[in-house]
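Several descriptive terms are applied to the structure shown below. How each of them is justified is the subject of the following exchange.

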Amino acid sequence: MSDPNSLTNCRFYEEKYPEIESFVMVNVKQIAEMGAYVKLLEYDNIDGMILLSELSRRRIRSIQKLIRIGRNEVVVVLRVDKEKGYIDLSKRRVSAEDIVRCEERYNKSKSVHSIMRHVAEKTKTPILKLYEDIGWPLNRKYGHANDAFKLSITNPDVWNDVKFPNDVVKEEFLSYIGKKLTPHPTKVRADVEVTCFKYDGIDAVKEALRQAEARNSAETQVKVKLVSPPHYVLTSQCLDKGMGIQLLEQAIKDIDDNIKEAGGACVVKMAPKAVTEHDDAELQALMDKRARENEEVSGDEDVSESDEGPEVA
């Protein structure tokens, strides 16, 4: 039996036991002759069992190949004996679609629990109390508290009907959700090589690259950086990664159309994709390396503008 005053442990849902034929996430604790003993992760680690006959539709040659200690598994509930605490489960009756849906719900519930646990520990409020006052009422109203939390970032009315235990809990709750769930921009990048060997090729490249930034607005920005001729990097930051990729794809098309008219070419070296801080660090290192190489080349000679390549104004 879980401690009602615990600051860390509590079932995720209002029901103390899962319903028959519902899908749940379990962690395998022990493998025996009769089957596998598991803990139901969403129900405060109550015990369950996957009978040997419910592990697979095929003949079982090695139980260890079907299920392993320590691994999480999606199973379906066959029987629940609330008095004795027995929960019989099946792995063989779970489809690929069932697994996807269960994992999605479990991950959302885990996210909610991490917020509940943080607030409970910070305010010394039993986590069960937070679920009873906040989490479970939001589950009933919005389908899942996680959806309500995300909606509250743009619509504070979500909290109008919530009865917080006290102002300290409310302040910590809203502050932490704001920090944890406010979406952060995704950086998207593409690498291109732009060349034009005509008489006015440098100006043609400059003009083509300007086309990448021609559609910029307050909401959407594309930036162009020179790595070393003819290598250029296009970047954009958007809350929606897909939109950022579309922006760069359009920018590359604009460059390509413009430079082709001038008799040049645009070659995509890296298609638009989301990048990490590690990718940015690698790019900066490459740019620094190219800058040092250019300095060494220029040593005692004057490097012409055509050698340096055009920087975008």
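The questions and answers below set computed values against the definitions of the terms.

This is a predicted model, in which local features need pLDDT of at least 70, side-chain atom pairs count only at pLDDT 80 or more, and totals for chains, interfaces and linings use all residues. Residues are numbered from 1 along each chain as its sequence is written, and side-chain values use heavy atoms, with hydrogens and water left out.

Q: Why is the protein called more spread out than a compact globule?
A: The radius of gyration is taken over C-alpha atoms, and the globule rule is 2.2 Å times the number of residues to the power 0.38. The protein has nine helices and nine strands. For its 313 residues the rule gives 20 Å, whereas the radius of gyration is 29 Å, well over that value, so the protein is more spread out than a compact globule. Along the principal axes, the C-alpha trace spans about 90 × 60 × 35 Å.

Q: What makes α2 and α4 roughly perpendicular?
A: Helices (H or I, at least four residues) and strands (E, at least two) are DSSP runs, numbered from the N terminus. Axes are lines fitted to C-alpha atoms, for helices over the stretch in contact, and angles run from 0 to 180 degrees between N-to-C directions. Angles under 35 degrees count as roughly parallel, over 145 as roughly antiparallel, 65 to 115 as roughly perpendicular and the rest as oblique. Helix α2 (residues 96-123) and helix α4 (residues 145-152) pack at about 65°, their axes being 8 Å apart. The two helices are therefore roughly perpendicular to each other.

Q: Which residues of α2 and α4 are in contact?
A: Contact means heavy atoms within 4.5 Å. Lys108, Ser111, Val112, Ile115 and Met116 of α2 meet Ala145, Asn146, Asp147 and Phe149 of α4.

Q: Why is α2 called oblique to α5?
A: The angle between α2 and helix α5 (residues 167-181) is about 140°, with the axes 10 Å apart. That value makes α2 oblique to α5. Residues of α2 including Ser114, His118 and Val119 meet residues of α5, among them Glu172, Phe173 and Tyr176.

Q: What makes α4 roughly perpendicular to α5?
A: The axes of α4 and α5 cross at roughly 85° and come within 9 Å. This crossing makes α4 roughly perpendicular to α5. In the contact, Phe149, Lys150 and Ser152 of α4 meet Phe173, Ile177 and Leu181 of α5. By class (Ala, Val, Leu, Ile, Met, Phe, Trp, Tyr, Cys and Pro count as nonpolar, Asp, Glu, Lys and Arg as charged, and the others, Gly among them, as polar), the contact of α4 with α5 has four nonpolar, one polar and one charged residues.

Q: How do you know that β3 and β5 pair?
A: Two strands pair if DSSP finds at least two bridges between them. Two bridges join strand β3 (residues 46-51) to strand β5 (residues 86-90), and these strands run parallel. Ile50 stands opposite Leu89 in β5. Five strands close into a barrel in the order β1-β2-β3-β5-β4, with mixed pairing. Helix α2 lies across β1 (23-31) and β4 (72-81), running at about 90° to β1.

Q: What is notable in the phi of Asp44?
A: Phi of Asp44 is near 55°, a positive value in a residue other than glycine. Asp44 is placed in the loop between β2 (35-40) and β3.
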